[in-house]
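Please open the model in your viewer and keep the sequence panel beside it, since each stop on this tour begins with a selection and then says what is found there.

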Amino acid sequence: MIYRYGLYRDPARGWIAGVAAGLGERFGVSAGVIRIVIVVMALAGTPILAGIIYAVLAVLMRPSRC
């Protein structure tokens, strides 16, 4: 594993934009855990906020190089 600084997304391993895969790799957890957190947040009454946060991260995070 190559240690990278900052946040990045991993479109090669991601389902939509690779945000969950990049966050999971950066923080050392499974991408599935990040996806579950996003889904739980959406089901907890804030689906618009969850969608906005995901979209903003997808735009602002640079794609990984590997």
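Begin by selecting Val19, Ala20 and Leu23 in α1 together with Tyr54, Leu57 and Ala58 in α3, because these are the residues through which the two helices meet in this predicted model. Colour the selection by residue type, and the contact of α1 with α3 divides into six nonpolar residues, with no polar and no charged ones.

Now show the two helices as cartoons, with α3 running over residues 47-60. Two packed helices are described by the angle between their axes and by the distance between those axes. For α1 and α3 the angle is about 75 degrees and the axes are 10 Å apart. An angle from 65 to 115 degrees counts as roughly perpendicular, and α1 and α3 are therefore roughly perpendicular to each other.

Stay with α1 and extend the selection to Val19, Ala20, Ala21, Gly22, Leu23 and Gly24, which are buried. Which elements do the buried residues of α1 pack against? Their partners are β1, α2 (31-43) and α3. Just after α1, select Gly28, where the backbone takes a positive phi of about 75 degrees.

Next, select the largest nonpolar core, whose eight residues are Ala17, Val19, Ala20, Leu23, Ile34, Tyr54, Ala58 and Met61. The elements that give two or more residues to this core are α1 and α3, and α1 gives the most, with three residues.

One member of that core, Met61, deserves a stop of its own. Select Met61 in the loop between α3 and β2 (62-63). Is Met61 buried or exposed? Its relative accessibility is 4%, and because buried means under 20%, Met61 counts as buried. Setting aside residues up to four places away in sequence, Met61 touches Leu7, Tyr8, Arg9, Val19 and Leu23. A distance label drawn from the C-alpha of Met61 to that of Gly6 should read 8.9 Å, although the two residues are 55 apart in sequence.

From here, move to the loop between β1 (8-9) and α1 (19-27), in which Gly14 has its place, and where Pro11 and Arg13 are found as well. Taking Pro11 to start with, the residue is partly exposed, with a relative accessible area of 41%. Beyond its neighbours within four places in sequence, Pro11 is in contact with Ala17, Gly18, Pro63 and Ser64. The C-alpha atoms of Pro11 and Ala21, ten residues apart along the chain, are separated by 7.8 Å.

Arg13 is the following selection, and at 46% relative accessibility this residue counts as partly exposed. Not counting residues up to four places away in sequence, Arg13 touches Ala21, Glu25 and Arg35. Its C-alpha is separated by 9.1 Å from that of Ala31, which lies 18 residues away along the chain.

Gly14, at 21% relative accessibility, also counts as partly exposed. With residues up to four places away left out, Gly14 touches Ala21 and Arg35. Between the C-alpha atoms of Gly14 and Ala31, 17 residues apart along the chain, the separation is 8.4 Å.

To see this loop from the other side of its contacts, select Arg35 in helix α2. Arg35 is buried, with a relative accessible area of 18%. Leaving aside its neighbours within four places in sequence, Arg35 is in contact with Arg13, Gly14, Trp15 and Ala20.

Finally, clear the selection and look at the whole chain. There are three helices and two strands in the protein, and along the sequence they follow the pattern β-α-α-α-β. Of the 66 residues, 30% count as buried. If contacts are restricted to residues at least 6 apart in sequence, 43% of them join residues at least 24 apart. With the surface displayed, the accessible area comes to about 4,500 Å², of which 72% belongs to carbon and sulfur atoms.

Notes
Residues are numbered from 1 along each chain as its sequence is written. This is a predicted model: local features need pLDDT of at least 70, side-chain atom pairs count only at pLDDT 80 or more; totals for chains, interfaces and linings use all residues. Side-chain values use heavy atoms; hydrogens and water are left out. Helices (H or I, at least four residues) and strands (E, at least two) are DSSP runs, numbered from the N terminus. Buried means under 20% relative accessible area, exposed over 50%, partly exposed in between (1.4 Å probe, protein chains only). Contact means heavy atoms within 4.5 Å. Axes are lines fitted to C-alpha atoms, for helices over the stretch in contact, and angles run from 0 to 180 degrees between N-to-C directions. Angles under 35 degrees count as roughly parallel, over 145 as roughly antiparallel, 65 to 115 as roughly perpendicular and the rest as oblique. Ala, Val, Leu, Ile, Met, Phe, Trp, Tyr, Cys and Pro count as nonpolar, Asp, Glu, Lys and Arg as charged, and the others, Gly among them, as polar. Accessible areas come from the Shrake-Rupley method with a 1.4 Å probe; for residues, only the protein chains shown count as cover. A nonpolar core is a set of buried Ala, Val, Leu, Ile, Met, Phe, Trp, Tyr and Cys residues joined through side-chain atoms within 4.5 Å.
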